[in-house]
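Please look over the sequence and the model below. The paragraphs that follow go through some strands and then a pocket.

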Amino acid sequence: MKRRLLLFIPALTLGMFLNGCNAHSQNLPDKQIVTAFKAKYPNAKKTEWESKQGFYVAEFHNDNIESEAWFDNKGKWTLTKNELRYNMLPAEIRNNLEKTDYNNWKKDDITKIERPNVLPIYIIEVEKAGQETNLYYTENGQLVKTMNDLKPNSPVDYSPLPAEIQNQIKQKYPQAILLDTDREKGKYEVDILDQGKNKEVIFNGTTWQTTFWEVNKTDVPTTVMDAFRNSTYGKYRIDEIHFFETPANTYYHFELEKDGQEVYLSVDTHGNILK
């Protein structure tokens, strides 16, 4: 009886090992994708593959950095997320961060996002008194975006955009830096930094719908401000003004308030009030 049990244990162990190998092999993508990954990261170690949102994702270690590289089904690299330690940040980022009020906040996750044909972005999650904030920095140390009042442990979406959307953004805003994306119910909201402005680019599927960004009152053309002052809401207080680009029109969108009542007014660049 003991002899049979001893024979059974090695057989069971071998079976578990082979099953593990088969499971791992099932996660491997096509050869061209693996080849593209090895060409880009020849020193990668502890590589594991999985499928996400129609992409093949390699989780690996490279120069003591935990990384995640995304490839499409043709082996084209689309994005890499790198988990960094604070001392790995460029000196310009550390120096500028230490001059801000966030210097005394606890530094949590630090992520470097790399995408094709755009500058990398560094996202530093800081926390204080239960409040989490994500700070977005360019490599030269410029703070370009702050996301405040996030829910605890709420994830930032780093997933790559469809190539058609990337190409449209590159064509419309060739100097833009891609900050982050959000996808919900077939729509993509893409946050970019373009010519010093934070812009929100909205796509329905892969069809561009609109781009908008906040503007100062002093930057609004006189014809538009006159149209607002001469409107029914001319005495209302201006909370915010956004500039909208759409395939059909461009206009300024006013968010107004008076005596607790909020209203909205849109005026095109010629001074016409839109309904």
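In what sense do β10 and strand β11 (residues 197-204) pair, and over how many bridges? β10 and β11 pair in the antiparallel sense over eight bridges; two strands pair if DSSP finds at least two bridges between them. Strands (E, at least two residues) and helices (H or I, at least four) are DSSP runs, numbered from the N terminus. This is a predicted model, in which local features need pLDDT of at least 70 and side-chain atom pairs count only at pLDDT 80 or more, while totals for chains, interfaces and linings use all residues. Residues are numbered from 1 along each chain as its sequence is written, and side-chain values use heavy atoms, with hydrogens and water left out.

Within the pairing of β10 and β11, K187 has N204 as its bridge partner in β11. Two residues lie between these strands in their hairpin, where Q195 takes a positive phi near 55 degrees.

On β10 there is also a pairing with β9, antiparallel over seven bridges. Here D180 stands opposite D191 in β10. β9 and β10 form a hairpin with two residues between them, and K185 in the turn has a positive phi of about 50 degrees. Strand β10 (residues 187-194) is largely enclosed by the rest of the structure, because six of its eight residues are buried (under 20% relative accessible area, with a 1.4 Å probe and protein chains only).

β9 (177-184) also helps to line the largest pocket, as do β4 (77-83) and α4 (163-172), each supplying at least two residues. The largest share, five residues, comes from α4. On a 1 Å grid over the protein atoms alone, a pocket is an open set of points where a 1.4 Å probe fits, with protein on both sides within 12 Å along at least five of seven lines; lining residues have an atom within 4 Å of a point.

Conventions:
Buried means under 20% relative accessible area, exposed over 50%, partly exposed in between (1.4 Å probe, protein chains only).
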